[in-house]
Amino acid sequence: ANACAFPGAAQTLVISDCASALRIAAGLGVRAMAQRSGPGLNRAAREGVDALRRLGGERILVLMADLPTVRPQDVRALADRFADKVAVAICPDKNGTGTNALLIPNGATMQLCFGEASLVRHCREALRAGLVPRLHHDPRIALDIDTPSDLLEWLRAGHDGANGIVADAEL
C-alpha cells in the first residue's frame with residue numbers, strides 16, 4: 001500500500017513465493033511476480049532486479065517487506081537524495097549491520113547479498129562495481145522485524161512510526 005503512494009503502483013514490483021502475498025499485491029494494482037529462482041531472499045532480489053532492469057527504469061530500489069514503520073515519504077526522501085547514477089544508497093537495519101533498502105542505478109553490476117552482515121558486503125560490492133556507497137540512516141527504514149522478539153518489542157512499543165533523525169554518509 002505504501003508503494004502505491006510512492007513510487008506508484010505502475011513502478012512497483014512485488015516478488016514472492018507466497019501466493020497470498022502476490023494476491024494482496026495484485027489487488028493493490030502493483031506488479032506481482034512469482035519467485036521462480038528457488039528459495040531465498042537474495043535469489044528473489046536478483047530476480048526482481050532483473051525484471052525491473054528489463055522495464056528500463058533509471059534506478060531500482062530493493063525494499064524489504066518487514067519494515068512496519070516505513071512511510072511513502074521515507075522512500076521518496078531516499079530516492080530524491082540519491083538521484084545520481086554513480087551512487088548506491090544503502091539503508092542499514094536497526095543493528096547497523098544488515099541492509100533494509102538498497103537503491104542502485106539500473107546498470108549496476110554489483111551482486112545483491114542480503115542477510116546477516118550485508119551492510120559491509122553491499123559497500124564492498126558497490127566499490128567493486130565502481131560505484132560510491134552512501135549510507136542513508138532513516139529510523140523508519142531501519143526498524144525491521146526479523147525475530148519473534150523484534151515483533152513483540154514493536155507491538156509493545158505501540159508506536160506508528162520510529163522517531164529519529166535521518167542522516168546520510170558517504171563511504
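These legends accompany several views of a predicted model of one protein chain.

**View 1. The whole chain, with its helices and strands.**
The secondary structure of this predicted chain is made up of seven helices and seven strands, and, read from the N terminus, these elements follow one another in the order α-β-α-β-α-β-α-β-β-α-β-α-α-β. Along the principal axes, the C-alpha trace spans about 45 × 35 × 30 Å. The radius of gyration of the chain is 15 Å, which agrees with the value near 16 Å that a compact globule of 171 residues would have. Among the contacts with a separation of 6 or more, 56% join residues that lie 24 or more positions apart in the chain.

**View 2. The surface of the chain and its charges.**
About 9,000 Å² of the chain is exposed, and 55% of this area is supplied by carbon and sulfur atoms, while 43% of the 171 residues count as buried. The chain carries 19 positive and 19 negative charges, and the mean position of the positive charges lies 6 Å from that of the negative charges.

**View 3. The largest nonpolar core, with Val88 as one of its members.**
The largest nonpolar core holds 36 residues, and the members that touch the most other members are Val62, Val88, Leu102 and Ile104. At least two residues of this core come from each of strand E1 (13–16), helix H3 (41–55), strand E3 (59–63), helix H4 (72–81), strand E4 (87–92), strand E5 (99–105) and helix H5 (118–128). Helix H3 gives the most to this core, with five residues. If residues up to four places away in sequence are not counted, Val88 touches Leu102, Leu103, Ile104, Pro105 and Met110, and also Ala126, Leu131, Val132, Pro133 and Arg134.

**View 4. Asn106 in the loop between E5 and H5.**
Asn106 has its place in the loop between E5 and H5. Because its relative accessibility is 15%, Asn106 counts as buried, the cut-off for this being under 20%. When neighbours within four places in sequence are left aside, Asn106 is in contact with Arg53, Gly56, Gly57, Glu58, Arg59 and Ile60. By contrast with these contacts, a separation across the model can also be followed from this residue: Asn106 and Leu143 are 37 residues apart in sequence, and their C-alpha atoms are 26 Å apart in space.

**View 5. Ala108 and its contacts with Arg53 and Leu131.**
Ala108 is also found in the loop between E5 and H5, and it counts as buried because its relative accessibility is 8%. Not counting residues up to four places away in sequence, Ala108 touches Arg53 and Leu131. Of these two, Leu131 lies 23 residues from Ala108 along the chain, and the C-alpha atoms of the pair are separated by 8.0 Å. Arg53 is likewise among the residues in contact with Asn106.

**View 6. Gly130 in the loop between H5 and E6.**
Gly130 lies in the loop that runs between H5 and strand E6 (132–137). Is this residue buried or exposed? With a relative accessibility of 60%, Gly130 counts as exposed, since the cut-off for that word is over 50%. The C-alpha atom of Gly130 is separated by 24 Å from that of Val75, and these two residues are 55 positions apart along the chain.

Note on methods. Residues numbered from 1 in each chain as written. Predicted model: local features only at pLDDT ≥ 70, side-chain atom pairs only at ≥ 80, totals over all residues. Heavy atoms only, no water. Helix = DSSP H or I, 4+ residues; strand = E, 2+ residues; numbered from the N terminus. Rg over C-alpha atoms; globule rule 2.2 N^0.38 Å. Buried < 20%, exposed > 50% of the residue type's maximum accessible area, 1.4 Å probe, protein only. Contact = heavy atoms within 4.5 Å. Areas by Shrake-Rupley, 256 points an atom, 1.4 Å probe, with all protein chains shown as cover. Lys, Arg positive; Asp, Glu negative; His and termini not counted. Charge placed at Lys NZ, Arg CZ, Asp CG, Glu CD. Core = buried A, V, L, I, M, F, W, Y, C linked by side-chain atoms within 4.5 Å.
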